[in-house]
Amino acid sequence: MGNPTGSGPDGNAAYGHKPFKRSRSHFADRITADGRDGWPVEAGRYRLVVSRACPWASRALVSRRLLGLEDALSLAVADPIQDDRSWRFTLDEGGRDPVLGIPYLSEAYEARESGYSGGVSVPAIVDVPSGKLVTNDFQQITLDLATEWTALHRPGAPDLYPERLRDEIDEVMGGIYRDINNGVYRAGFASSQDEYETAYHDVFRRFDLVSGRLRNQRFLVGETITEADIRLFTTLVRFDAVYHGHFKCNRSKLTEDPVLWAYARDLFQTPGFGDTVDFDHIKQHYYRVHTGINPTGIVPLGPDPTGWRTPHHREQLGGRPFGDGTPPA
């Protein structure tokens with residue numbers, strides 16, 4: 001994940017036993033249209049490595065599908081269960097990614113920086129010809145997919161980061177990141193009661209603010225889906241399955257907020273969102289990897305996911321999910 005997913009012998013058992021702090025992305029090169037960092041946008045050159053369990057990586061999965069970049073940017077899916085070397089390709093035949101030829105994502109990190117000893121996180125983009133990691137900057141990757149990869153977007157791709165709305169999108173995303181996306185981790189990995197309670201109150205204060213914002217408008221900013229909606233969705237879709245119980249964010253469930261629950265279902269039922277979600281991967285990862293806070297490794301059977309397909313009626317608020325564009329096939 002966009003850290004904390006550090007590898008190391010004490011990594012998984014350490015969760016909940018030391019103060020939580022999200023690391024900055026160590027490799028922040030950008031893949032751009034002009035190639036100014038040495039990495040030009042080029043169809044087929046790069047491989048996106050994700051875990052379907054990870055909310056930060058799931059942003060990239062949603063963006064890639066909405067923008068129609070599947071043929072231009074290939075996909076590697078890591079096993080949701082990490083070991084001490086972090087993300088591994090044990091879902092693939094022979095336990096190796098078929099394109100990169102490596103069993104562990106850490107090898108791409110090592111190819112980029114010999115002797116690298118930091119955390120190994122997803123999403124990550126790897127340069128296929130060299131096998132080197134290009135970036136693990138989870139905050140920037142999706143923005144660049146939306147703005148730098150435009151020459152490779154599908155016809156009808158939405159503008160996920162419209163220039164005229166960027167200041168507002170950035171402001172909305174800033175609060176959501178601090179209090180919701182990262183707030184649930186601050187609560188779940190808290191090592192003291194005060195630390196937990198501060199994070200808990202941050203999460204639900206922001207929930208209430210966002211719920212109020214969405215009461216009379218279909219999407220967070222403007223009339224269409226933007227990057228802000230993607231970033232909120234990937235936390236909301238995990239909330240009742242993981243964050244409510246496992247991370248002790250239990251004032252209320254997502255399903256108990258009529259506005260947020262309808263909003264989340266609206267997105268889930270939109271092509272590009274729900275079809276990238278794997279609830280089994282999500283639960284397997286959180287409950288089996290975070291042994292510091294779930295030492296038994298028991299994975300809960302619930303909640304029942306069928307509610308995600310029930311009518312949401314959010315279309316009554318107007319808005320056009322894809323603007324002048326079209327949904328992905």
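1. The expected span of a helix is 1.5 Å times one less than its number of residues. In this predicted model, helix α1 has 13 residues and should therefore span 18 Å, which agrees with the 18 Å between its end C-alpha atoms. Helix α1 comprises residues 55-67 and lies across β1 and β2, running at about 130° to β1. As 13 of its 13 residues are buried, α1 is largely enclosed by the rest of the structure. Glycine 68, just after α1, takes a positive phi of about 70°.

2. The strands β1 and β2 also belong to an open sheet of 4 strands, whose order is β2-β1-β3-β4 and whose pairing is mixed. Its edge strands, each pairing on one side only, are β2 and β4 (132-135). Direction ignored, neighbouring strands of the sheet are turned by 35° against each other on average. Between β1 (residues 46-50) and β2 the pairing is parallel, over 4 bridges; arginine 47 has serine 74 in β2 as its bridge partner.

3. Serine 86 merits separate inspection. The residue sits in the loop between β2 (74-77) and α2 (106-112), and its phi is near 75°, a positive value in a residue other than glycine. The cut-off for a buried residue is under 20% relative accessible area; serine 86, at 1% relative accessibility, therefore counts as buried. Its side chain reaches the backbone oxygen of valine 120 at 3.1 Å.

4. Histidine 313 likewise has a positive phi, near 65°, in a residue other than glycine. Histidine 313 is placed in the segment after α9 and, at 46% relative accessibility, counts as partly exposed.

5. Two cis peptide bonds should be noted. One runs from valine 122 to proline 123, with omega near 5°; proline 123 lies in the loop between α2 and β3 (124-127). Another joins glycine 302 and proline 303, with omega about -5°, and proline 303 is in the segment after α9 (279-289).

6. In soluble globular proteins, nonpolar side chains tend to be buried together. Here the largest nonpolar core has 94 residues, of which Val49, Leu105, Leu220, Leu232 and Phe239 touch the most other members. Helix α7 (residues 227-243) gives the most to this core, with 10 residues. Leaving aside residues up to four places away in sequence, leucine 232 touches Ile176, Ile180, Asn181, Val210, Leu214, Leu220 and Tyr263.

Key
Residues numbered from 1 in each chain as written. Predicted model: local features only at pLDDT ≥ 70, side-chain atom pairs only at ≥ 80, totals over all residues. Heavy atoms only, no water. Helix = DSSP H or I, 4+ residues; strand = E, 2+ residues; numbered from the N terminus. Buried < 20%, exposed > 50% of the residue type's maximum accessible area, 1.4 Å probe, protein only. Polar contact = N/O pair within 3.5 Å; in protein donor to acceptor, adjacent residues only side chain to side chain. Pairing = 2+ DSSP bridges. Axes fitted to C-alpha atoms, helices over the stretch in contact; angles between N-to-C directions. Contact = heavy atoms within 4.5 Å. Core = buried A, V, L, I, M, F, W, Y, C linked by side-chain atoms within 4.5 Å.
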